[in-house]
Amino acid sequence: PKLSLGDNALQFFKNQSDIFGMQNPNAELRPLKAEIDELGMQHISYQQVYQGLDVFGANIKAHFNQEGNLTAVNGTYVPGINVNISPTISETQAMERAMQSVGSASDATP
């Protein structure tokens, strides 16, 4: 059976994982949106995630022609992330530090 466009894109990422530095595209890419442009071409946007957290600025898009063939992929993917995602300070401490950094002259409130 023919793959859906999303499955087609994920298969491409699996087949080309060495180029992107991906270990597991199914776990590392979260679909954001699918859209069809005025020419009938379809585009699927993905957010890169690391251990369930969004990777800031790391979005990648798969582009399909009117026949549903993958024609291009572009965007930003950050390979080789290896960080501890456990917080080292509490939410309250983070808020206090943020408020200190903006100074007392600011209208910012927690």
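**Burial of helix 1 and an exposed nonpolar patch**

Phe13 is buried in this predicted model, with a relative accessible area of 0%, where buried denotes under 20% relative accessible area, exposed over 50% and partly exposed in between (1.4 Å probe, protein chains only). The model is predicted, so that local features need pLDDT of at least 70 and side-chain atom pairs count only at pLDDT 80 or more, whereas totals for chains, interfaces and linings use all residues. Residues are numbered from 1 along each chain as its sequence is written, and side-chain values use heavy atoms, with hydrogens and water left out.

Phe13 lies in helix 1, which spans residues 5-15; helices (H or I, at least four residues) and strands (E, at least two) are DSSP runs numbered from the N terminus. Leaving aside residues up to four places away in sequence, Phe13 touches Phe20, Met22, Pro25, Leu29, Tyr46, Ile60 and Val73, contact being defined by heavy atoms within 4.5 Å.

Within helix 1, Leu5, Ala9, Leu10 and Phe13 are buried. These residues are on the same side of helix 1 because they cover an arc of only 135° around the axis, the arc being that of the directions from the helix axis to the C-beta atoms. The cover over the buried residues of helix 1 includes helix 2 (17-20), helix 3 (25-28), strand 1 (29-36), strand 2 (42-50), strand 3 (53-64) and strand 4 (70-75).

Val83, by contrast, is partly exposed, with a relative accessible area of 47%, and is placed in the loop between strand 4 and helix 4 (91-102).
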